[in-house]
Amino acid sequence: NNGIYPTLSANGLVKNNVSYGSLDTAMWVAGSENVRVVGNQLYGSPIGFEITVSNDVQVEWNFIHDNTVGVGLFHPNAAGNPPMPVMANWVIERNFIFDNNLPNPAPPASFQAGLPSGLGILLLGVSDNVIAKNFISSNDFAGIGVLGWCTATGLGDPRRNCENDLPRANPSANNNLVYRNWLTGNGQSPPPYLPLPGVDILYVQTPPYEPGTGNCFEQNRPSTLTFYSSVGVLPTDGC
């Protein structure tokens, strides 16, 4: 199901690969620490690049395109590995993430099958990470989506909400920096079955499960980018 899959690993470099045609993820870093992901091309899969239950992952200068979701940063409930004591500092920086509008080919009933098409970067219920200085273009639903885990799973499948599928870690997305990204042409054709608009930046969390504190959306461009936020504005309390 997976293309390149560094898992339960440490101190690694994943560089200058081409991975495509997976039924899950073209490249997935899981249960790992101190991993650099540089200069890869990832396409034609439900998820182009994914991180779960890891610490210190640097992701730079990759071309991620023509997937259902370009980059997925996912809560431990979406992982096959148990949570780690520290799961933070996932830095997604200086990547080219575009045209991730592939109709989802994942096997039915899998977690991946519930992902809507048209997302550039999707951060679900993880904290203390950085999304910065990326070029994000022509993703039909949203360029960047930051959502609480309970909110997202409840939208996709009400049976998998946090009351029926208890989270293995805090489901809120806290202390994330979304900074100096260039977003253009996103949100032109959002999924009609979801009650959310198509935008460049999407931010949705639902109290009391997800207070959503310490996030910072700052200096993203251009000034005409579109956004939707469940709190009315994009949070800057963590700036």
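Which residues does Asn95 touch, not counting residues up to four places away in sequence? In the predicted model, the residues in contact with Asn95 under that restriction are Val59, Glu60, Trp61 and Asn62, together with Lys133, Asn134 and Phe135. The setting of these contacts is described below, after the overall architecture of the chain.

The protein chain contains one helix and 20 strands. Its radius of gyration is 16 Å, close to the 18 Å that the globule rule gives for 239 residues, so the chain is as compact as a globular protein of that length. Along the principal axes, the C-alpha trace of the protein chain spans about 40 × 35 × 35 Å. Of the 239 residues in the protein chain, 52% are buried, and among contacts between residues at least 6 apart in sequence, 63% join residues that are at least 24 apart.

The surface of the protein chain was also examined. An area of about 9700 Å² is exposed by the protein chain, and carbon and sulfur atoms supply 54% of that area. The charged side chains comprise 9 positive and 17 negative ones, and the centres of these two sets lie 7 Å apart.

Asn95 is placed in the loop between β10, which covers residues 90–93, and β11, which covers residues 96–98. With a relative accessible area of 1%, Asn95 falls under the 20% cut-off and is therefore buried. Polar atoms of the Asn95 side chain lie 3.0 Å from the backbone nitrogen of Asn62 and 3.0 Å from the backbone oxygen of Glu93. Asn62 thus appears twice in the description of this site, both in the list of residues that Asn95 touches and through the backbone nitrogen that lies 3.0 Å from a polar atom of the Asn95 side chain.

A second position, Leu177, lies in a strand, namely β16, which is formed by residues 177–179. The relative accessible area of Leu177 is 29%, and because this value lies between the cut-offs of 20% and 50%, Leu177 is classed as partly exposed. When residues up to four places away in sequence are not counted, Leu177 touches Asn129, Val130, Ile131 and Cys216. Tyr209 is 32 residues from Leu177 along the chain, and the C-alpha atoms of these two residues are separated by 21 Å.

Taken together, the two positions are described by a buried loop residue, Asn95, and a partly exposed strand residue, Leu177.

Terms used. Residues are numbered from 1 along each chain as its sequence is written. This is a predicted model: local features need pLDDT of at least 70, side-chain atom pairs count only at pLDDT 80 or more; totals for chains, interfaces and linings use all residues. Side-chain values use heavy atoms; hydrogens and water are left out. Helices (H or I, at least four residues) and strands (E, at least two) are DSSP runs, numbered from the N terminus. The radius of gyration is taken over C-alpha atoms; the globule rule is 2.2 Å times the number of residues to the power 0.38. Buried means under 20% relative accessible area, exposed over 50%, partly exposed in between (1.4 Å probe, protein chains only). Contact means heavy atoms within 4.5 Å. Accessible areas come from the Shrake-Rupley method with a 1.4 Å probe; for residues, only the protein chains shown count as cover. Lys and Arg count as positive and Asp and Glu as negative; His and the chain ends are not counted. The place of a charge is taken as NZ of Lys, CZ of Arg, CG of Asp or CD of Glu. A polar contact is a pair of N or O atoms within 3.5 Å; within protein, one must be able to donate a hydrogen and the other to accept it, and residues adjacent in sequence count only if both atoms are side-chain atoms.
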